[in-house]
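Here is a note for a colleague who is meeting this structure for the first time. Please read the numbered points beside the sequence and the model.

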Amino acid sequence: MVTLDANEDMQRLVDSGVVAVMRGADADTIIEVAQALNEGGVTAYEITADNPDAMELISEVSASFTDEEAIVGAGTVLDSETARASIMNGAEFVVGPNFDEGVVETCNRYGTLVAPGILTPTEAVDAYEAGADMVKVFPASVMGPKHLASIKGPLPQIPLMPTGGIDIDNVADYVEAGAVVVGAGSAIMDGDAIAAGDFESITETAREFTRVIEDARE
């Protein structure tokens with residue numbers, strides 16, 4: 001894919017509604033999983049950097065879709081070196097569980113959307129002032145949707161992406177609390193279904209996620 005600017009990539013994440021966190025993705029099935037998600041309307045995929053094959057997987061998945069079809073990024077990025085490697089291998093957005101100034105600076109340098117992890121309003125402001133495009137509220141489930149709304153109230157200018165414990169039963173609450181997009185892992189990446197080759201189940205789950213998010217946005 002050709003990297004667009006961060007504002008366009010932000011809109012692509014928002015359009016997807018949910019970022020599928022592909023932690024522990026397997027090279028043998030990742031393309032089929034991504035295609036199954038895509039058929040269900042989930043068009044944003046985060047491949048976590050703690051996977052030893054992450055850079056190759058980012059490159060492969062990125063090459064499998066056009067810019068109009070999907071956006072592929074890197075997650076669990078802890079340092080600027082990993083951020084740069086991810087971008088060089090096709091990552092169009094970079095997500096971290098924490099706020100690291102070096103990661104934000106590197107992504108800004110390359111015009112790549114960056115969403116560092118935060119939990120408090122102070123961390124949100126610090127990350128945003130450092131150049132973050134949005135912030136990942138993590139772990140979201142520890143504090144819940146009310147915490148997200150409490151951050152959104154005084155800081156409406158900062159786009160929020162809650163991640164951690166988001167599932168089909170609570171995703172609407174997070175959207176209504178102010179999330180512009182959510183991150184979801186095991187709730188949308190069913191390991192048993194993937195192992196069984198039941199990609200239709202992945203598609204159905206993705207379709208349900210997008211439907212609930214669309215309804216909550218209305």
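1. T76 is a convenient place to begin, since its relative accessible area is 19% and T76 is therefore counted as buried, the cut-off for that class being under 20%. The residue sits in the loop that links strand 3 (71-75) with helix 4 (80-88), and its phi is near 55°, a positive value in a residue other than glycine. As this is a predicted model, the angle is a property of the prediction. For context, most residues other than glycine have a negative phi, and most peptide bonds are trans.

2. A second backbone feature is found at P139, which is placed in the loop between strand 7 (135-137) and helix 7 (140-143). The peptide bond that leads from F138 to P139 is cis, and its omega is near -5°.

3. H147 belongs to helix 8 (residues 145-152). With a relative accessible area of 16%, H147 is buried, and, when its neighbours within four places in sequence are left aside, the residues in contact with H147 are L119 and V137.

4. Which strands are joined to strand 1 by bridges? Strand 1 (residues 18-21) runs parallel to strand 9 (residues 182-184), to which 3 bridges join it, and strand 1 also runs parallel to strand 2 (residues 44-48), again through 3 bridges. Within these pairings A20 stands opposite A184 of strand 9, while V19 has A44 of strand 2 as its bridge partner. Strand 1 is covered on both faces, for V18 and A20 on one side are buried, and V19 and V21 on the other side are buried as well.

5. Two packed helices are described by the angle between their axes and the distance between the axes. For helix 2 (residues 30-39) and helix 3 (residues 54-63), the axes come within 10 Å and cross at roughly 45°, which means that helix 2 is oblique to helix 3. The crossing of these two helices is right-handed. On the side of helix 2 the residues that take part are I30, I31 and A34, and they meet L57, E60 and V61 of helix 3. Sorted by class, this contact of helix 2 with helix 3 has 5 nonpolar residues, no polar residues and 1 charged residue.

6. E60, found in helix 3, deserves a separate remark. Is E60 buried, exposed or partly exposed? Its relative accessible area is 37%, so E60 is partly exposed. Although E60 and I31 are 29 residues apart along the chain, their C-alpha atoms are separated by 7.9 Å.

7. Helix 2 also packs with helix 11 (residues 199-217), at an angle of about 40° and with the two axes 7 Å apart. Helix 2 and helix 11 are therefore oblique to each other, and their crossing is right-handed. The contact is made by E32, V33, A36, L37 and E39 of helix 2 together with F199, I202, T203, A206 and R207 of helix 11. By class, the contact of helix 2 with helix 11 has 6 nonpolar, 1 polar and 3 charged residues.

How values were computed
Residues numbered from 1 in each chain as written. Predicted model: local features only at pLDDT ≥ 70, side-chain atom pairs only at ≥ 80, totals over all residues. Heavy atoms only, no water. Axes fitted to C-alpha atoms, helices over the stretch in contact; angles between N-to-C directions. Helix = DSSP H or I, 4+ residues; strand = E, 2+ residues; numbered from the N terminus. Parallel < 35°, antiparallel > 145°, perpendicular 65-115°, else oblique. Left-handed = near helix turned anticlockwise from the far one by under 90°. Contact = heavy atoms within 4.5 Å. Nonpolar A, V, L, I, M, F, W, Y, C, P; charged D, E, K, R; others polar. Buried < 20%, exposed > 50% of the residue type's maximum accessible area, 1.4 Å probe, protein only. Pairing = 2+ DSSP bridges.
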